[in-house]
Each structure stands twice: as C-alpha cells, then as structure tokens.
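Here are a few exercises to work through at your own pace. Try each task before you read its solution.

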Amino acid sequence: MGQFSGGCYLSFFIFVLLGSQVPTTLARGYEDCISATTGTGKLENIMESKFNPSKITSQRGEALQHGQSGTLPHFLEEPVDAYIVKSNPIKLRCQARPALQIFFKCNGDWVHQSQHTSQEHTDLTTGLKIREVMINVSRQQVEDFHGPEDYWCLCVAWSHLGTSKSRKATVRIAYLRKNFEQDPQGTEVPLNGMIVLHCRPPEGVPVAEVEWLKNEEPLSFDDGNVMEKKGDHNLIISEARLSDSGNYTCVASNIVAKRRSATATVIVYVNGGWSSWTDWSPCNVRCGRGVQKRSRTCTNPAPLNGGAFCEGMSVQKSTCNTVCPVDGGWGEWSEWSACSSDCERQRSRECTAPEPKHGGRLCDGVAVATENCTGGLCTQNRKLLHDAKPQGVENSSDVALYSGLAAGVVTVVLLIVAVTLYRRSQSEYGVDVIDSSALTGGFQSFSFKTSRQANPLLINSSMQPDLTVSRTYTSPMCFQDSIDKELMAERSLLDPLPDLKVKGVTERAEYHVMSHPQTFPRGLAPDYRGVAVGTTLGRRGKNLFSPHVSLTPRLPLHRATAVFGHAGGRLVVPNTGISLLVPHGGIAEDTTWEMYMSINQEDSSTVSEDGPEIFLSPAVTYGPPGLDLSYPIAMTIAHCAEVAADNWTIRLKRHIQDNKWEEVMSVDEESTSCYCLLEAQKCHVLLEHPGRYALVGEPLNQEAGKRLRLAVFGSPDASNSLGFTLRVYCVDDTPHAFQEVAVGERSRGGRLLEEPKMMLFKANTFSLQVSIQDVPQLLWSIKPFTTCQEFSFSQVWASNQHPLQCAFTLERYSHSSSQLSCKISIRQVTGKEQILQVYTSVVENEKGVVPFFTQSDCTITSQTGSRAFKIPLSIRQRISATFDTANANGKDWQLLAQKLHIDRNLCYFACQESPSSVILTLWEAQHQDSGDLDSLASALEEISKVHSPKAVTLSCSKEERDSEFTKLA
C-alpha cells in the first residue's frame, strides 16, 4: 500500500465510501491511477476487497486451497471479429480460467453488468474454476458509435492475483453495394489471341469474393490456359480457342448478398486463310496464244464469327502458247502397177503432204487402190472377175442396216410423242392429291404436295460460302391455291347420321384432279385467267411476274376483283396475306356480285386523336357497298403484333366519315356483330357489312412488341464504277409491307443479299440502330461517320407498313476487288442484336438479278365454286344439317365449335341462321393454306365418342345483331 500516491489514496477513500455501485468513469480513473503506481491488475483486487472483504478473504483462502496462489486468469476463448448482417445482433463470448469475475469493455467503456450473461463450472481435470461470459451487440449500438476506429470490445478477467485482458474484437456492419466498380466488357479476339476481362466488385464488408460464370455455368480453372488474377479479379485466357466464345459474368458475394455484373460477350473469330493453289488449267485454245488459270479458296481456314475475309485474288491467270496441231494430208497417187495374173492393178499414196503432227488428224481414205485392169474381160473359173465376189451377201447386209435405222427412228418418234402427251396431261394438274381418308363413308382429307422450287443460291449454314460468285435470294410470297374436289368419293357420306359414328379408313387412294376453268371478273378477257394484274404491281407500275401480260391501267394497285354467285369462292390479293372467303349460299341464287378487295395506306395518326394506338395490319376494303349476303364472309388479314403474351389490347376498327375510325369490337371481348379469331401472324374476321377494316393495337406495357422484317439489298453505284450500295430495310412483318420493298428493289436492279430475318421491336421508347461492321479495310472504304445510322422510336413504332430504309455507300480501291464481305447489325437500344451477313460479288455482269418471286401462280386472285373450299359441298351440308339442331345425344354446333377450338364468343354463332355453316366457313379461312382435313375428321371422330354432353342453349335474334352494328355505323 505504500506504493500508492496521495491522489490514489484519496480516490480509493472516495471509492470505498460509494460502496459497490461504482461509476464507470470513477472505476476507469481509479484503474488508471493504480496502473500508474502499482502495475496492472491491482485495481481489481482492491475493488473486490473493498466491495466485500469477507468474500475476498474466503476466495483467497479457497485459492490457496486449490494451489492458485501464483496464477493470473488465462483465456480459454477470446472474442472474435464479427459482422452484423441486416438487423441481427451478434454475440461476443469470453472464457477464462481461473477467474473470479469477467467483464466486457467496449470502445473503452465498461459494459453494464446487467448486459452480461455468465456461467461458471469447474474443470474436472484440474479442479480450476472456469467462467464464461457473453454479451449481445446490436446494429444500433454500432451505428451510434462515432470514433476514429471500428467498434471494438475486449474482456477483462479478475483473479486474486490480478487481471488479464483479451484481444480486441471488432464489430462491423456487413453490406455489399449494388453496382460494380468495373464491369467486364465484351470483346472480339482472334484465334490463339489473349482474352482479358476486367472485374472490380462492388464495395462491401467483408470484402466480396469473386467467381466467374461462362454461359451461366461456373468457370473451371483446372485448365492451365485459363487463370484468374486474384489481386484485381481479372480473368485471363492466354490462348483463345473457339470454345472460349460465350457470355461471361463476374459474380461477387459475401455474407450479405450476391451481385452479378453485366454480361460480357466474348467472340473468338477466325480470319480467313487461302488454300493451296490448284493446278493450272489446260490452255483455253487448241492453237496459238491463250489463257490458263488456277484458283484457290478462302477455306484454310474459312472466316468464322466475323473474321476477316482473305485478302488478294482467288483466281490467277497466265498466258500460254499451244503448238498448233497439223492434220495429215495425202500425197500424189503413184503410177498404176502392171496388170497381175489376177487381172488387177494397184496404186498407192502416202499421208505426207503434210504429215500429221502435234496431235493432228490422220488422213481419211485408203492408202492403196485396186481395180480390174482388163475392163471386166478377165475371168476366173469361167466367171467374170468382177462377179467373183458374192454380191448377194453385200446387198443383204445393206438391207439389214437400213431396216434397223428405220426402226430406231420410228421408236424415237413414238417415245417423243408419248412423253409430250404425258407432260401435257400432267401440266393440267395444279397439285398432286393424296387421299387421307379419316371417316367411314368417303370423307377424304386432302394433303397438298406442292413442288418445292430449289434455291441454288441459298447457302447451307453448315457449309462455307463460295465467295467467287454473288449470293442472291428468292422470296416467294404466294398463297397456295386449293384444288377441285368434285371427284371425291361420297358413297354413304357421314353415314349413319345423326349419331355420327365415325371410323377410320385404312385404304389410301390417289386422285388426279383436272383444273376447272377460272372465273373471269367482268371486263377481263379470258387471256388473263381471272387475274387482276394490277395486284402484282408495285408503285412503279412494273409487272414482276408475267412480263407477257399487258397492263390494265384502270385497275388500281393492290386490288383484286372477281364475280361470285351462289356457289361462293375465294378472293386473294397476291403476296399480301389478305384474302376473302365467300361461303356457299352467301349470295342468293340467280344473283351475282362483282366483289372487290383492296389495300389502303393509312397514317397511324388517323387511328385516334390522342391515344397510343397504332395500325398492326394493312387497312383492307371490300365491297361493293350495297352487297347483300345471307351468311357472313371470312376475311383473313396478316398482322405484325407479337401476341404470345398479353401485352396488347387489339381491336378491329372500321373506317367512317371524315377520315375517322370507330371500334367494331375488341378481340378479347364478345360481340354479336362480328367475330375475330386472332392467331400468331393472322386474324380471321367474320363480317356481314362491306367497308374498310383494320387491326389496331394499344400497348399495355413496355413489353408489348411488334415484329419487324429486316432485309439487305445491294446494287452497283450507277454514278461510280467502283461504288457499291447496301440498302437496309426495316418493315412491319407482313407480306404486304415486304412486297413494297421487293417491288421497289426490282425496279432499281437490287439483289437480296441475305435471307430476311425477323426482329421484335418493343414499346420501350428506345430507338433502332443500324450499323455496318467488318468491312475489309484494305479493299473497301466507307464515308466517315456513316457506319452507324439510327431510326427514332416513333419512326419505327408508327411506320404502318411503310418501309424504313438506310443506305451504306462503299467504294473499292481497285477493280480487282470483286467480292464484298461484311455484316449489318440491327438492334433496338438495350435490346437483342440481329445480324445480316453479306457475302456477295459486286461485279454486275457476273450474275443476273434473280427475281424475288418465282412461283408461276402468284397472280391468281380468285377461285369460285367448289375449288375454293377444302370441304366438299355435300359433306358441308350434311355436317350443318346434323349439328344445327341438337340431336338426341345433345351433339350440336356448340360441341362442334368446341372440338374445332372455336369455342369463344359463341353468342355470335347463336345469332346465325346456320351456326354450323358459319363455323365451317371460319375453319376454311383458318386452314386455307394447309388444306388439311385431318383435324376436321379428328374432331368429328371425337364428337362421335362423346356421350350426352351438357349443352347450354344460346339464342340471339337477328334484330339484336343488326342493332349492335347500327350503333357502330
């Protein structure tokens, strides 16, 4: 005690007076004082003795009893660094031996005793007391602490001899920021090049760990070619292989969260390399100075993934000299020899004037001539010498020769006649028809086998392109025409009705159906085969399909006309996806109507004055206005909406006065005035009133999208012999819109350089970017600042069938550069990219322009009578008679509609005089291209197996239906 200073004694006295509840600050000050005079550990002993002297005495005696007189507390467990995740508190734990008491001190302050949780037990091996203490640290405590260092805590353990302090344990709030400090960037590297992807993870506590994903799979570092630089988390691939192409993602994670970086696309490309030269070809002339050549291909290796095309010439030419051949010629005849005993003499000549040289032909004729030298008076064996040879043998041989030749000629003539007749008979068949019987009683389904015209210019994706020629595509856009089914067997059709018991027929027969004459609209000569030629013309007025047909200027563009009667028929605007089906019986008997259908260009601003609606299809007009029909017609309209998800509200609208449009019905709602069946690319509409109709759409969210068709055309620059122009089109994905492009390009001599591709353009207000890439810099030049062009969102979104075009003008450095390889990148900002690859020859006379439409029947606009329908009339009538009225088993038209998947808006059919007929008309329009009756046959077979279905009776009056449409008119 003599070591204490006066100030310490005074403090100690005050400390004793205050009793056991010692303020923390006083205890800390007293501890510092004692430490400065007596050394660490004395304060606690004094505190304990003053608090409870008797206890100290007993503890000291106990310690002496257990042999602890010279032992300070030893920590068996010290507090460890910890992180607070979200709002979950953490526990700090201390364990010491021997220890009379353990307290926590955090950030220099004693933790109140009430916040400690302690327990004590005796070590059975040593007999020493072990004390364990725990405290909780909350997020609020850490956030409220403001100091130069992190929040920390330590343990202080007392024994009779002194105190011991544990290590400091820091407590930090764990977090991980959302954004990476550096995202990996996509790159393109050559084969065997080095790939370096940088990644700096978000700031976090504790520091985030980084791993790499390739195509959403963890990247393996077992391969020595792939390594990760741990310090800055860079991914390094020393020698790139083709298999290293892919999408790479950097993933950072700690105990709080996991973050993903932006995906970096790595493309390993292969630059093209020339193959070995072929052997020199033979000289192209047989005599004199000529040319020989050899070639090589860019296939060693072939350019891949946008790699550069080989530089240099693919063909080498060299002059050659060929020694001219000398044909042999006969010299002069020699003198006749003396007359021999056989009454003959001879003379000879040689092929030496000149001799044949260098492959020249030998002389024609005989070298030795023999004749009778006595004028026929010399005889042998009492016969004249010239009669010695048997003449009859030679004569008979000549007769056989001429007879064989005559027989051969006759055979060839007969064969030619037979082939000609066969071809003529076959040419009368529009398509082959194969019977696909599905029901007992002669219900045959027809499948159509159209001849697929080979496209030699369409390059297989698995083969490397031959760049020595240009690549041009054809794009037929015609509707398949149906065929006449008058010859179908109809024995016991759909027997036994009304129960409609159906069985499959295993036999398959083949029918060859003769085409019936076309129905000609009023005012057209039979030479036109019922074709409204104006429908195949673009705005420039050039006929693409039938050059021999003279133009008819009185017919407008995109218009089809035909005369229909009671038998009905089909009207088609070729290459537009627009057609009209007039059902049988729709027009009264002894009455004909000259009907027309045309396409009108509309501006999207006319759809609604202030709404976000746009046109999704062409505006189609059918008439005449006073048309009176007993049954609704079925109109098919192609559209460009992406209807896979419910992101649109699509409506059918009708044009009214003052250039305004009024809603007829929403596709998703029910109506008795008309019916809409929406498919992925078409919409089938049942209408009763002529007029102008169109599909319009209102996007419900930014995920709503419409399909665009992308195409690239090219042609030499007329003003520059070294120039070549690439024109890129973005149009609504409908046949009509693309036909406008094709017609215009045909007029300017353009070539389709890549198959058109489809792209989804979303309603997210982002623009459309078009750029040209990978142009061979050593062979071609392009104007600066023209490699990337952009269409605004409004231009693309409200284009309404009008083509959007941008052009890239390139110039080659020399005439020897005859090939062009590049790619066109088209993407909506923040969206997916679509690539149009161009491999073409720029020499105009190397390949003629290939027409875009190659089918010969593209101009057929109408079919009348049974040829226009897939279902034979007799079967159609029996089906209607069976299902229009429910039979004893309750099988009515509602069940027919359900089995044909036309079971929505049934109130519309209930308003019809013959619901089954209208359902079959809609089915005809829906299957006009496939011509497959198997689905109808299967539906009827399923109906035959249904037992007493529960039918709901629907009714509707014609007055209700007409009044609903009158409200719209």
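Let's warm up with one residue: Cys250 is buried, at a relative accessible area of 0% (buried means under 20% relative accessible area, exposed over 50%, partly exposed in between, with a 1.4 Å probe and protein chains only). Before going on, note that this is a predicted model, where local features need pLDDT of at least 70, side-chain atom pairs count only at pLDDT 80 or more, and totals for chains, interfaces and linings use all residues. Residues are numbered from 1 along each chain as its sequence is written, and side-chain values use heavy atoms, with hydrogens and water left out.

**Exercise 1.** Find the disulfide partner of Cys250 and work out which parts of the chain the pair ties together.

Step 1: look for a sulfur atom within 2.5 Å, the cut-off for a pair of cysteine sulfur atoms to count as a disulfide. Cys199 fits, as its sulfur is 2.0 Å from that of Cys250.
Step 2: check the handedness. The torsion about the S-S bond of Cys199 and Cys250 is about -75°, so this disulfide is left-handed.
Step 3: place both ends. Cys199 sits in the loop between strand 13 (195-197) and strand 14 (204-205), while Cys250 is in strand 19 (residues 246-253), so the pair ties together parts 51 residues apart in sequence. Strands here are DSSP runs (E, at least two residues) and helices likewise (H or I, at least four), numbered from the N terminus.
Step 4: check burial. Cys199 counts as buried too, at 0% relative accessibility.

**Exercise 2.** Do the same for Cys298 and Cys310, and say where each one lies.

Step 1: their sulfur atoms are 2.0 Å apart, and a disulfide joins them.
Step 2: with a torsion of about 80° about the S-S bond, the link of Cys298 and Cys310 is right-handed.
Step 3: both Cys298 and Cys310 lie in the loop between strand 22 (288-295) and strand 23 (315-322), so this pair ties together parts twelve residues apart in sequence.
Step 4: Cys298 is buried, and so is Cys310.

**Exercise 3.** Start from Ser164 and find out what surrounds it.

Step 1: Ser164 belongs to strand 9 (residues 163-165), and it is buried, with a relative accessible area of 14%.
Step 2: list its contacts (heavy atoms within 4.5 Å). Leaving aside neighbours within four places in sequence, Ser164 touches Leu72, Pro73, Phe75, Cys155, Val156 and Ala157.
Step 3: a polar atom of the Ser164 side chain lies 2.8 Å from the backbone oxygen of Pro73.
Step 4: follow Cys155 on. Cys155 forms a disulfide with Cys94, with the sulfur atoms 1.6 Å apart. Cys94 is in strand 3 (residues 90-97) and Cys155 in strand 8 (residues 151-158), 61 residues apart.

**Exercise 4.** How do helix 9 and helix 12 cross, and which residues meet there?

Step 1: the axes of helix 9 (residues 873-883) and helix 12 (residues 915-926) come within 8 Å and cross at roughly 135°. Axes are lines fitted to C-alpha atoms, for helices over the stretch in contact, with angles from 0 to 180 degrees between N-to-C directions.
Step 2: name the angle. Helix 9 is oblique to helix 12 (under 35 degrees is roughly parallel, over 145 roughly antiparallel, 65 to 115 roughly perpendicular, the rest oblique).
Step 3: Arg876, Ile879, Ser880 and Phe883 of helix 9 meet Ser916, Ser917, Leu920, Thr921 and Glu924 of helix 12.

Conventions:
A polar contact is a pair of N or O atoms within 3.5 Å; within protein, one must be able to donate a hydrogen and the other to accept it, and residues adjacent in sequence count only if both atoms are side-chain atoms.
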